[in-house]
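Trainee: I have a model open and would like to learn how to read it. Could you take me through it step by step?

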Number of protein chains: 2
Amino acid sequence: MPKQNTVFKDAYNRCLRLLVVGESLPSEPELCTLLGVSRTTVRSILFQMVETGLIEWNKRSKAVQRPPTKADFFPEHETSSLSEVIERMFMQRILMGSAEPGMQINELELAREIGIGTTSVREFLIRFSRFGLIEKRPNSHWVLKGFTRQFAEELTDVREMFELKSAAAFVRLPADHPAWTELETLRRAHAEVFADIDSRYLEFSALDDRLHRLIQQASDNRFIIDFYDIIAIVFHYHYQWNKANARERNGKAILEHLDYIDALKTRRPEAVEAACRLHLSSARLSLMQSLSATSTATGVAQ
Amino acid sequence: MPKQNTVFKDAYNRCLRLLVVGESLPSEPELCTLLGVSRTTVRSILFQMVETGLIEWNKRSKAVQRPPTKADFFPEHETSSLSEVIERMFMQRILMGSAEPGMQINELELAREIGIGTTSVREFLIRFSRFGLIEKRPNSHWVLKGFTRQFAEELTDVREMFELKSAAAFVRLPADHPAWTELETLRRAHAEVFADIDSRYLEFSALDDRLHRLIQQASDNRFIIDFYDIIAIVFHYHYQWNKANARERNGKAILEHLDYIDALKTRRPEAVEAACRLHLSSARLSLMQSLSATSTATGVAQ
DNA sequence: TTTGTGTTCCTTGTCGATAAAGTGCAATAC
DNA sequence: GTATTGCACTTTATCGACAAGGAACACAAA
């Protein structure tokens, strides 16, 4: 079948949450911006909602008839796009499965395993190859380079170069730049999570991503900003499956972040560089430790 | 049609050059390594050569009957793989054609224009997107970000960071590392070309690529090494269509290279850094100048 | 016992087809 | 007159099909 209608299903679910009995849904173009899809999809949603008696639709009036029930929602797993599914499956295989460096990756086999066509797998692998974990042999298979210590070192080396550059650029941002406001928002969010660290330590990942992206943004350099995607995906999957000492680790990291943020606020380059280096080397260390911890179990380190 | 047999045609052409009348071609596996293809392809070549009377083939003897003529060769343009064709066409469009930043790129239109299927175009665009010149809007078109001064600046900024790091690592290579031999070979090649600069200035591009790749290699970092692909493609196409002052520019660059090489040989980090900075800022300048020179004509600069 | 060949089978690169999703224009409602 | 809707049309995402090309293995030759 060409295209699962995941865009529709996901938007439909999100649209269900906008329903307020008695009121009318906004106009089609407004729903488009609200849901981030095209009018065609919005109209499909509206038609479907008429079908299931959620709304009465007559020209410009889209009166909500009843609140949505659990049964109205599409199941979660039907709402994620194919590429997300492939990514999850693939990362699981290479980070958790017994994936040794040098292993061959077979498009057809992967496609069969996931139950999809080869085209999607190929496109995923091509996109994924920029992360430096796999390499193509033309007219032949892909080779897994492996999530090894070597990889982690190369990754963090570049990360440090880029982040130092970005942090230095951040300090030079004009005082009225929106990044400063966002930085203060982030600082508060950090403080809040830290105040309740025992139950909220898992929220650190999201904060980490937001803070570092904000800083990279200041570099105004697409290569630096894009590179953060690699960091993000590695940390995302790695920590997702590796929760040992997470609370302790995240608590420490939040404190480092707070120091880092404070240093940025002073706008003193030396203070920023010091805080940045401190945090990055600690992040590197924790990545390395979790790598060696799992190396024998999963066989992913070299 | 699925797959043009470009691998076969290209290998066939290269195999023709191995023919020596009276002698026998080597064994199949040997031909495989010589031509860099699989036995299946080698055997297709041999069958075809029997067909056209170039060889007599009986088990292990593959006696050459006659020298190949012009007519035996497949035309050059049939030997380049589809992705190479797309790359050329696409680069021509965005570097030479009237390609303004923000322009939409349409997979279907591009495919029709080149006369190929959409799959190949899609895959090319995905691969190409890592160069930061285009960006995908999911479920919709691609956006051309344009070969602008901004792009060139972001590119060269990262380039400088990486090359300084690599050059510093180069100095620390052990004395018996093969890179030192290769460096000396390259120095001689530079000197030779320079001695006859008026007629050989076009050979600079190849030398440039070899020298910089050799240096990046010393970083032992896949992200740094891979990044050079972006530099390479930009310089390749840009200079190919922009030959103003090429002789003068290349002559100057060769001298800078020679200084750079000499500095590396001294193994003194400060000398290396100085020579490296000098050359890179001169390369940046010349890229920028050629950009502004063509900006109005082709509308590619912002 | 190693190296080369014949043969079979599997995978990759490319195409065309099709449902899902996006885009543009003319008609309509306010 | 502007914003919204209805409708026709285009493009994208995905599949299955198939020739080109790679890989494995048993047999043959040296």
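Mentor: Gladly; we will go from the whole chain to the partner chain, the DNA and a few single residues.

Mentor: Please keep in mind that this is a predicted model, in which local features need pLDDT of at least 70, side-chain atom pairs count only at pLDDT 80 or more, and totals for chains, interfaces and linings use all residues. Residues are numbered from 1 along each chain as its sequence is written, while chains are lettered from A and ligands numbered from 1 in the order in which they are written.

Trainee: How many helices and strands are there in chain A?

Mentor: Helices (H or I, at least four residues) and strands (E, at least two) are DSSP runs, numbered from the N terminus. Chain A has 13 helices and five strands. Its C-alpha trace spans about 65 × 55 × 35 Å along the principal axes.

Trainee: Into which domains is chain A divided?

Mentor: Domain bounds come from an automatic or database domain assignment. For chain A they give domain 1 (6-77), domain 2 (82-144) and domain 3 (149-298). Taken over C-alpha atoms, the centres of domain 1 and domain 2 of chain A are separated by 36 Å. UniProt, in an unreviewed entry, lists residues 154-282 of chain A as "domain: GntR C-terminal"; its positions are given in the numbering used here, feature names are shortened, and annotations may be inferred rather than shown by experiment. In the model, residues 154-282 of chain A are 84% helix and 0% strand, with the end C-alpha atoms 16 Å apart.

Trainee: What percentage of the residues in chain A is buried?

Mentor: A residue is buried if 20 or more other C-beta atoms lie within 10 Å of its own, exposed if 12 or fewer, and partly exposed in between, with C-beta atoms placed from the backbone. Of the 302 residues in chain A, 25% are buried. Take helix H1 of chain A: A:Val7, A:Phe8, A:Asp10, A:Ala11, A:Tyr12 and A:Cys15 are buried there. The cover over these buried residues includes H2 and H3 of chain A.

Trainee: And contacts: how many residues of chain B are in contact with chain A?

Mentor: Two residues are in contact if their C-beta atoms, placed from the backbone, lie within 7 Å. By that rule, 19 residues of chain B are in contact with 19 residues of chain A. Helix H6 (118-128), helix H7 (149-171) and helix H11 (222-240) of chain B each supply at least two residues of the side that touches chain A. By class, that side of chain B has six nonpolar, four polar and nine charged residues. Here Ala, Val, Leu, Ile, Met, Phe, Trp, Tyr, Cys and Pro count as nonpolar, Asp, Glu, Lys and Arg as charged, and the others, Gly among them, as polar.

Trainee: How are the two copies related?

Mentor: Copies are superposed by least squares on the C-alpha atoms of residues with pLDDT of at least 70 in both. A turn of 180° and a shift of 0.0 Å along the axis lay chain B on chain A with an RMSD of 0.1 Å. The two copies are thus related as by a two-fold rotation axis. The copies meet through the same surface, because 100% of the interface residues of chain B are also interface residues in chain A.

Trainee: Which residues come nearest to DNA strand C?

Mentor: A residue is near a strand if its C-beta atom, placed from the backbone, lies within 6 Å of it. Of the 44 residues around DNA strand C, A:Pro2, A:Thr40, B:Pro2, B:Leu82 and B:Gly117 come nearest. Elements giving two or more residues to this surface include helix H3 (39-51) of chain A and helix H4 (82-96) of chain B. The surface near DNA strand C has eleven nonpolar, 21 polar and twelve charged residues. Around DNA strand D there are 44 residues, of which A:Gly117, B:Asn5, B:Val7, B:Phe8 and B:Thr40 come nearest.

Trainee: Which sign does phi have at B:Asn139?

Mentor: Most residues other than glycine have a negative phi. B:Asn139 has a positive phi of about 60° although it is not a glycine. B:Asn139 sits in the loop between strand S4 (134-136) and strand S5 (142-144) of chain B, and it counts as exposed because it has 11 C-beta neighbours inside 10 Å. B:Arg267 has a positive phi of about 65° and lies in the loop between helix H12 (246-266) and helix H13 (269-298) of chain B.
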